Amino acid sequence: MALKAICFNIVEYGGYKLVWIAENPKVDDVNKLVKPAASCGEVGYLDEIKINLIDPELTKGPTARALLEGKITVLNNVSREKIFTPWQAKAQKYGINASFVAPLFFEEGEVTHAINIYSANVNAYDKQEVEILSRIASNVSLRAKSLRNRSEKIKAIKMLNERVS
C-alpha cells in the first residue's frame, strides 16, 4: 500500500493543507521520536516540529494521543487549543488552523501509525467530516492488515514449496 498515495489523494481531493502518516517509534528507539512514514502538502511544517513520546509536554498532543492511547483527536482551532501549544507558531506559519488525527492499526490490536489531516479552515471538522475521515482511517488500517496477511501467506507458501522441493 502506498502511504504517500493516500496522503496525496486526501490533500488533492479533500482540499486539505497537509496530510501525514506518523510512524510509532520502535520499542528500542530510546528517543521515541515520531517520524513521518509519508506526507503530502505543506511538508515544511514537519521539518520544523518535534514530537516524541517521552516528553510530558509533547505527549499531550493529538499525534501522541493517537499513538499512545489509540484516540481520535479533533481540534477545530489549533491556535486556541492548549494541547497544541508546542506547535501553534509553526502551524500558523504554514496556514494550519484545524487538525484531525486518528490511530492506524496496521497490526492486530496495535497502533503502528497515526494519520494527521490538517486544514487551513477553522472549524473544518463537523460531525459528518469526522465520520468520513474516521472511516478513511479505518479503511487504511484494514487494507494494511489485509496486505500484511497476504504477504505472510505468500511467504508461508514459498517456505512450504522450498521444503517440498
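Colleague: What makes you say that helix α1 lies across strands of the sheet, and which strands are they?

Modeller: In this predicted model, helix α1, residues 3-14, lies across β1, β2 and β5, and the axis of α1 runs at about 35 degrees to β2. Axes here are lines fitted to C-alpha atoms, so the angle compares the N-to-C directions of helix and strand.

Colleague: Why is the sheet called open, and what is the order of its strands?

Modeller: The five strands follow one another in the order β2-β1-β5-β4-β3, with antiparallel pairing. Because β2, residues 35-41, and β3 stand at the edges with a single partner strand each, one side of each is left without a neighbour in the sheet. From one strand to the next, the twist averages 15 degrees.

Colleague: How do you know that β3 and β4 are paired?

Modeller: Two strands count as paired if at least two bridges are found between them, and β3 and β4, residues 98-104, share three bridges in the antiparallel sense; therefore they meet the condition for a pair. Within this part of the sheet, leucine 75 stands opposite serine 99 in β4.

Colleague: What makes a group of residues a nonpolar core, and which members of the largest one touch the most others?

Modeller: Its members must be buried residues of the nonpolar kinds, joined through side-chain atoms within 4.5 Å. The largest such core has 24 residues, of which Trp20 and Tyr45 touch the most other members. At least two residues of this core come from each of β1 (18-23), α2 (44-48), α3 (62-69) and β5 (113-119). A second, separate core holds 22 residues, including Leu3, Ile6, Ala98 and Phe100. In soluble globular proteins, nonpolar side chains tend to be buried together.

Colleague: Which residues is tyrosine 45 in contact with, leaving aside its neighbours within four places in sequence?

Modeller: Contact requires heavy atoms within 4.5 Å, and tyrosine 45 is in contact with Leu18, Phe84, Trp87, Lys90, Ala91, Tyr94, Ile96 and Tyr118.

Colleague: How much of the protein is called buried?

Modeller: A residue is buried when its relative accessible area is under 20%, and buried residues make up 40% of the 165 residues in the protein.

Colleague: Where is confidence lowest, and where is it highest?

Modeller: The scale of pLDDT runs from 0 to 100, and the protein averages 88, with 85% of the residues scoring at least 70. Confidence is lowest in helix α5, residues 127-164, at a mean of 71, and highest in strand β3, residues 73-75, at 98.

Note on methods. Residues are numbered from 1 along each chain as its sequence is written. This is a predicted model: local features need pLDDT of at least 70, side-chain atom pairs count only at pLDDT 80 or more; totals for chains, interfaces and linings use all residues. Side-chain values use heavy atoms; hydrogens and water are left out. pLDDT is the predictor's confidence in each residue, from 0 to 100. Helices (H or I, at least four residues) and strands (E, at least two) are DSSP runs, numbered from the N terminus. Buried means under 20% relative accessible area, exposed over 50%, partly exposed in between (1.4 Å probe, protein chains only). Axes are lines fitted to C-alpha atoms, for helices over the stretch in contact, and angles run from 0 to 180 degrees between N-to-C directions.
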